[in-house]
Amino acid sequence: MAFQPGDLVGLNGSRGPELAVIDTLSGSKAALRVGFEARRQQVPLRELDPLVSLPGTFNPPASMVAPPWGLTAELLQQQRPSSRDLGAAWLLLSEPASPAAAGASSHGAPPAAMPLEELVALVAPADTPAARAACWLVLQHQEQHFFRWRHGAVQPRTLRDLRQLRRERHLERLSRLREQRWQALLQQRQPLDPSSLDAQARAQLDHLLALAGGDTTTPLPVALRQALHGAHCSAEPGAVRRLLVDLGQWEPHALPSLQRTVWEQGFVPELLAEAERLIAAAADPQPGDDQRRDLTTLRTYTLDDPDTLEIDDALSLEQLGDGRQRLWVHIADPGRLVPPESPLDLEARRRASSLYLADRVVPMFPFPLATGPFSLRQGHRCAAWSTAIELDDEGAVAAVEIVRSWVLPTYRLSYADGDALIELAPKEEPDLASIDALLERRRRWRVAQGALQMEQPEGRIRAVDGQTSVEITDPSPARALVAEAMILNGAVIAAYGVSEGLALPYRGQPSAELPPAAQLEALPPGPVRHMALRRCLTRGVTGVQPCHHFSLGLSAYVQATSPIRRYADLVVQRQLAAHQQHQPPLDGTDLGALLDQLDPPLREGVQISREDQRHWQQVWFEQHPQERLEGVFLRWLREQDRLGLVHLEALALDVAARCPAAAEPGTTLTVHVQMVDSLSDLLRLEAR
């Protein structure tokens, strides 16, 4: 059909299907008056559907309502064919004219296309411009499914197409209903059962859980963003966590960094069953038991916090005949029951360490093993690695012996019990006071070698059933004794490794240039002075070659006292065992590869522990919003933002706070809460 001015045409533009009148023609384009408001628009002719052509000359009307067409919205509505009329027309047009056509129709062959006026003749009382316009508009709507408009003609759909289309639209309606139900659940903010959700809602719930867990890189589906908007929830991790808490799908104190980690997954039933098997076999002879030194006659002490269940170190004092004293450091030997590459060993390697959180401990080995046959329990004959150490008069190591042993812990002491025994030194129990004197001599020797002493109270948030408390660990003789004994044990094992050319996970710290003594003396003692020292220190390193440890004042050092809780400490014991039994230990390359495997979970564990303490600090301040806490300024974190580090005396914690511009190290401040929201990981403190 050739277009001419005055033709009534259909246009499917950005506003959807609209009627238009051609105003003028210019090559392959037409100037139109579109819609009832007669908007002027120029479009290519190929985008127009011819509806009615005006014969003869044409004087363009001012609007669609004016002659010659006289179309109004009311008139178009009146002329609109009903679904019943369209269905009757479809049946008539789809009825086969011959047996051959019937066969073709049954196989889904498309019926022939026809001009618009032929369909109008079937569904309208008369073929009028209004009837054609109304019929064309109906054909453009997706809800109409009997016919399709293609290339300016009407084509009835096949029965197969009609069934498929009806099925798709039915599924679309169901999907919209499900989406509406899901949006209603979000808006109600009531606990829900995920098993009652359909697949689409569960997928959206998974998106929300991922966002709450810290995944901000995966974009949310548009439908989910709309659902969040309807629930008055922004698409931010904190707001989504609060929504999920209301829905019963997020624990208020869940750590995003813990989600989907090896610690959260727990031990599978097969590993728990293996742990039970090892517990049952613990009393049976194991390889190498006959070579263990029997040290069960020694009076042996364990010193820990009262709630400690994994007991992996103990101390004994042996009086030698010539007046010399021999200190024994006993370390638990989990390798007696857990061989390398066994399922429990591989799981412990995956974890690399136990995880200590404010409200629980996530162990490296299953608790029944870690707190049972692995631990040095009072009154039980326990397998251990024992190091015999003799010190000279200055505190240097004079003699060492490292053996696998049997020990029988005599006393399970708390640190408070140990402090009392050290202070009182009763005649019937003098050993602990003597051990304290030996280790004080050793500490003085290390200080002479350049070791730094920075003991101060350390605070840690604890949580029980969501209620927080602050546990402050004060320096004490018993704690100092245990710490010095563990450092000593690590030093002598490192020295043994160096002398024997044994690859071990050596810990080191590069040397640092400390502030002048006069500058340190000018600072208040305690946290402020210690902070000045710590700012000069570099991060510790671990490698298979021995190196100097600056802050400990040691030429070589190995962590070797917590094999129940640190996998690398268990590796140290295995290296010692292989060397003593004349079997090949891991060389530097293989040990380095193993340490590389341990590094990611160790870093992840540190991140989780830090996030855990940060979260519970926020919860503590939420539970104490009116607290005014005295503190002392330590240093600037971002001076341009006036963000500084403040030590809170009452909590023995360092916190970030907005501080006065004139604050200097040692300035006394009062800290209060400006804003806190633990679900959004938000804590703003103001110091004045």
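User: Ala, Val, Leu, Ile, Met, Phe, Trp, Tyr, Cys and Pro count as nonpolar, Asp, Glu, Lys and Arg as charged, and the others, Gly among them, as polar. With that in mind, how many nonpolar, polar and charged residues are in the lining of the second largest pocket?

Analyst: Happy to help, and please keep in mind that this is a predicted model. The second largest pocket holds about 620 Å³ of space, and 27 residues line it. Sorted by class, that lining has 13 nonpolar, seven polar and seven charged residues.

User: Which residues lie nearest the centre of the second largest pocket?

Analyst: The lining of this pocket draws at least two residues from each of helix H19 (567-580) and helix H20 (588-623). Nearest the centre of the second largest pocket are Pro-339, Pro-340, Arg-574, Gln-575 and Ala-577.

User: Which element gives the most to that pocket's lining?

Analyst: Two helices, H19 and H20, each supply at least two lining residues of the second largest pocket. With eight residues, the element that gives the most is H19.

User: Let's turn to cavities. What is the volume of the largest cavity?

Analyst: The structure has one cavity of 30 Å³ or more. The volume of the largest cavity is about 50 Å³.

User: How many charged residues are in the lining of that cavity?

Analyst: The residues lining the largest cavity are Ile-331, Trp-385, Thr-387, Asn-489, Ile-493, Ala-560, Gln-573 and Leu-576. Two or more of the lining residues come from each of strand E14 (382-391), helix H16 (477-500) and H19. By class, the lining of the largest cavity has five nonpolar and three polar residues, and the number of charged ones is zero: no charged.

User: Now for helix packing. What word describes how H6 lies to H8?

Analyst: Two packed helices are described by the angle between their axes and the distance between the axes. For helix H6 (residues 159-188) and helix H8 (residues 222-230), the angle is about 40° and the axes are 8 Å apart. Because of that angle, H6 lies to H8 in a way called oblique.

User: Which residues of H8 take part in the contact with H6?

Analyst: H6 and H8 meet in a right-handed crossing. On the H6 side, the contact is made by Glu-179, Trp-182, Gln-183, Leu-186 and Gln-187. Taken by class, the contact has five nonpolar, three polar and one charged residues. The residues on the H8 side are Ala-223, Leu-224, Ala-227 and Gly-230.

User: H6 also packs with helix H7 (residues 199-212). How many residues of each class are in that contact?

Analyst: The axes of H6 and H7 are 10 Å apart, at an angle of about 40°, and the helices are therefore oblique to each other. H6 passes H7 in a right-handed crossing. In the contact, Ser-175, Arg-178, Glu-179, Trp-182 and Leu-186 of H6 meet Gln-200, Ala-201, Gln-204, Leu-205 and Leu-208 of H7. By class, that contact has five nonpolar, three polar and two charged residues.

User: Is the crossing of H11 and H12 left-handed or right-handed?

Analyst: Helix H11 (residues 269-281) and helix H12 (residues 343-351) have axes that come within 10 Å and cross at roughly 120°. H11 and H12 are therefore oblique to each other. The crossing in which H11 passes H12 is left-handed.

User: Which residues of H12 do residues of H11 meet?

Analyst: By class, the contact of H11 with H12 has five nonpolar, no polar and two charged residues. From H11 come Leu-271, Glu-274, Ala-275 and Leu-278. The residues they meet in H12 are Pro-343, Leu-344 and Glu-347.

Terms used. Residues numbered from 1 in each chain as written. Predicted model: local features only at pLDDT ≥ 70, side-chain atom pairs only at ≥ 80, totals over all residues. Heavy atoms only, no water. Axes fitted to C-alpha atoms, helices over the stretch in contact; angles between N-to-C directions. Helix = DSSP H or I, 4+ residues; strand = E, 2+ residues; numbered from the N terminus. Parallel < 35°, antiparallel > 145°, perpendicular 65-115°, else oblique. Left-handed = near helix turned anticlockwise from the far one by under 90°. Contact = heavy atoms within 4.5 Å. 1 Å grid on protein atoms, 1.4 Å probe; cavity = no way out; pocket = protein on both sides within 12 Å on 5 of 7 lines; lining within 4 Å. Points joined across faces, edges and corners; volume = space filled by probe spheres on them.
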